[in-house]
Amino acid sequence: MNDICFFAREPIGSSTYPLPDQPVDIDKTLSTLKAVTNQKKSILYIHVPFCDQICSFCGFTRLIGKESMKDAYVNALIHEIRMYAQLEYIQSLGVSSVFLGGGTANSLSAKHLDTILASIKANFTLDIDCQITCEGTPQNFTEDRIEVLKRHNVSRVSAGIQTFNKEIRTEHLRMNYGKYELLGHIENIRKHFSDFNIDMIYNFPDQTDTIWDDDLNTAIGSGATHLTIYPLVLLEGTAFYSDYVKKQKYPAPDHEREIALFKHTVNTLRNTAYEKYSVNDWAFPQHESRYITLDAESIDVIGLGAVAHGYLGGMVYKNIQSPKEYIDFISRKSYLPISRQRYLSERDKMDRHMVMGLRLDNLDLSSFERTYGRKAQDVYAAQIADMCESGYLKLRDDHLVFTDEGLVWANNVRSYFEREKVSCVGYSDTTGIGQSGKDHYGEIAMHKA
Ligand code: SF4
């Protein structure tokens with residue numbers, strides 16, 4: 001047994017594992033996807049890379065798209081949907097969760113959203129109770145877009161707020177609107193959707209305890225059934241990274257403060273109807289994001305659009321990153337726009353099961369044994385013993401459960417089960433944070449030295 005003490009909190013864990021690190025063998029891919037599967041559940045993720053504005057902290061693959069480019073992108077997406085729909089593997093797969101993400105999915109017009117959603121319905125086998133989520137800015141959930149979303153059975157929306165504080169939004173984030181305008185937009189969402197998430201970020205510069213309490217209490221009082229709450233991460237290539245790390249115009253986010261704010265958040269939300277169920281997510285009972293819970297089961301993911309990641313037939317893959325190259329590729333060639341892939345060995349799949357599964361605060365290990373015929377407690381005996389003895393996890397019957405201290409270090413715990421230390425930040429479509437991509441505090445310290 002090793003006594004493990006983590007020093008630098010990993011702000012973002014791997015959103016896919018292992019990484020697709022091999023060149024594409026298109027013949028092998030097509031042959032894999034010609035086989036019929038008996039998997040009944042899958043996730044459909046669609047990446048929309050456009051935003052109305054570029055927020056200073058954001059490292060996602062996103063751009064301010066002209067209408068003509070959005071038209072071309074939606075056309076390419078429809079083409080990609082149809083290519084997948086012709087494959088026997090996809091035809092035999094049920095879809096339990098659809099997620100339109102980005103970027104800002106609702107920066108597309110009502111007409112674009114209508115086209116995409118109609119195409120999804122026509123080309124995939126959606127479960128009767130499939131949870132369909134559309135992500136976006138609160139102000140873009142306009143009446144015409146909402147009409148389209150409702151008509152296509154979108155049951156859930158997710159709105160990026162980050163903070164309600166107008167000064168921080170203006171000075172640091174380059175985001176429009178203050179608290180009362182945002183609450184007006186949220187009220188509009190609430191009128192139409194009984195299920196909605198808001199995203200919040202803690203540890204912004206100038207975010208005092210009072211400001212964070214106000215943010216948190218406003219989010220709690222907003223009627224949101226789900227809260228996703230992240231720490232601020234300085235992502236390379238963003239205005240934040242440049243201002244805070246390179247130019248040192250402002251003090252960089254403080255590690256100890258991040259931990260204190262996280263603990264305060266956990267304690268505050270424990271006294272509400274929200275239940276914490278994953279590393280960054282709280283939900284009312286029965287209002288969890290199926291995209292998150294199913295992804296944690298390491299089931300198939302049909303990832304479409306520029307930079308989307310997927311997992312099909314035991315293969316992880318990543319699509320062409322640049323939206324422009326993605327559009328060009330699809331217009332020139334009529335095969336899947338995959339840029340990198342990797343076929344997983346049996347051991348890779350087991351590792352993926354653990355790394356993805358530990359996104360949940362309580363991981364049921366019985367599905368591991370059902371899938372692989374071996375107990376996770378045997379395959380990962382050393383790692384589980386290290387994490388339990390060091391006070392991060394508890395083994396209760398067939399469940400691995402995070403302790404309170406483990407919740408703080410959850411992404412480090414997940415990494416402990418990664419045999420390959422990945423050299424990119426967890427979000428699959430971000431630009432990365434420095435050399436290691438994992439330890440952004442280390443990176444800040446390096447620049448400060
Ligand atoms: S935070 Fe959201 S809206 Fe802002 S640039 Fe990033 S993806 Fe776009």
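**Salt bridges, aromatic pairs and backbone features of the predicted model**

R257 is partly exposed, with a relative accessible area of 27%; here buried denotes under 20% relative accessible area, exposed over 50%, and partly exposed the range in between (1.4 Å probe, protein chains only). The model is predicted, so local features are reported only at pLDDT of at least 70 and side-chain atom pairs only at pLDDT 80 or more, whereas totals for chains, interfaces and linings use all residues. Residues are numbered from 1 along each chain as its sequence is written, and side-chain values use heavy atoms, with hydrogens and water left out.

R257 takes part in a salt bridge with D209, in which the closest N and O atoms are 2.9 Å apart; a salt bridge is a side-chain nitrogen of Lys or Arg within 4 Å of a carboxyl oxygen of Asp or Glu. Because D209 belongs to helix α8 and R257 to helix α10 (residues 255-270), this contact ties together parts 48 residues apart in sequence. Helices (H or I, at least four residues) and strands (E, at least two) are DSSP runs, numbered from the N terminus. D209 is likewise partly exposed, at a relative accessible area of 47%. In total, the structure holds 20 salt bridges. A further one joins the side chains of D214 and K179, with an N to O distance of 3.1 Å. Since D214 lies in helix α8 (residues 209-221) and K179 in helix α7 (residues 179-192), the pair connects parts that are 35 residues apart in sequence. D214 counts as partly exposed, at 35% relative accessibility.

Helix α10 also provides R270, which forms a salt bridge with D404; the closest N and O atoms of this pair are 2.8 Å apart. As D404 lies in helix α17 (residues 404-408) and R270 in helix α10, the two tie together parts separated by 134 residues in sequence. R270 is partly exposed, its relative accessible area being 46%. Elsewhere, D21, R342, R347, D348, D351 and R419 are joined into one network by salt bridges that share partners.

Aromatic contacts were examined next. A search of the whole structure finds 14 aromatic pairs, defined as rings of Phe, Tyr and Trp (its six-membered ring) with centres within 6.5 Å; planes under 30 degrees apart count as stacked, over 60 as edge-to-face and the rest as tilted. F6 and W409 form a tilted pair, at 6.2 Å centre to centre and with 35° between the planes. F6 is located in the segment before α1 (26-32) and W409 in the loop between α17 and α18 (410-416), so this pair ties together parts that are 403 residues apart in sequence. Both F6 and W409 are buried. The pair of F368 and Y380 is edge-to-face, with centres 6.0 Å apart and planes at 80°. It links distant parts of the chain, F368 being in helix α14 (residues 366-372) and Y380 in the loop between α15 (376-379) and α16 (381-389), twelve residues apart. F368 and Y380 are both buried, and together with Y372 and F417 they form one aromatic cluster.

Two lysines are placed over aromatic rings, the criterion being NZ of Lys or CZ of Arg within 6 Å of the ring centre and within 35 degrees of the ring normal. K28 lies over the face of Y343, 4.0 Å from the ring centre, and the charged end of K276 sits over the ring of W282 at 5.5 Å from its centre.

Helix α2 (residues 67-85) comprises 19 residues and spans 27 Å from its first C-alpha to its last, close to the 27 Å expected at 1.5 Å a residue; the expected span is 1.5 Å times one less than the number of residues. Its buried residues include Y73, L77, I81 and Y84. E67, in this helix, is partly exposed with a relative accessible area of 46%. E67 and S109 are 42 residues apart in sequence, and their C-alpha atoms are 9.2 Å apart in space.

Nine residues surround the ligand, of which C51, C55, C58, G103 and T104 come nearest; a residue is near a molecule or strand if one of its heavy atoms lies within 4 Å of it. G103 lies in the loop between β2 (94-102) and α4 (110-123), and the peptide bond from G102 to G103 is cis, with omega near 25°. The peptide bond from Y17 to P18 is also cis, with omega near -15°; P18 is found in the segment before α1. V307, although not a glycine, has a positive phi of about 65°. This residue is placed in the loop between β9 (300-304) and β10 (309-312) and counts as buried, at 1% relative accessibility.
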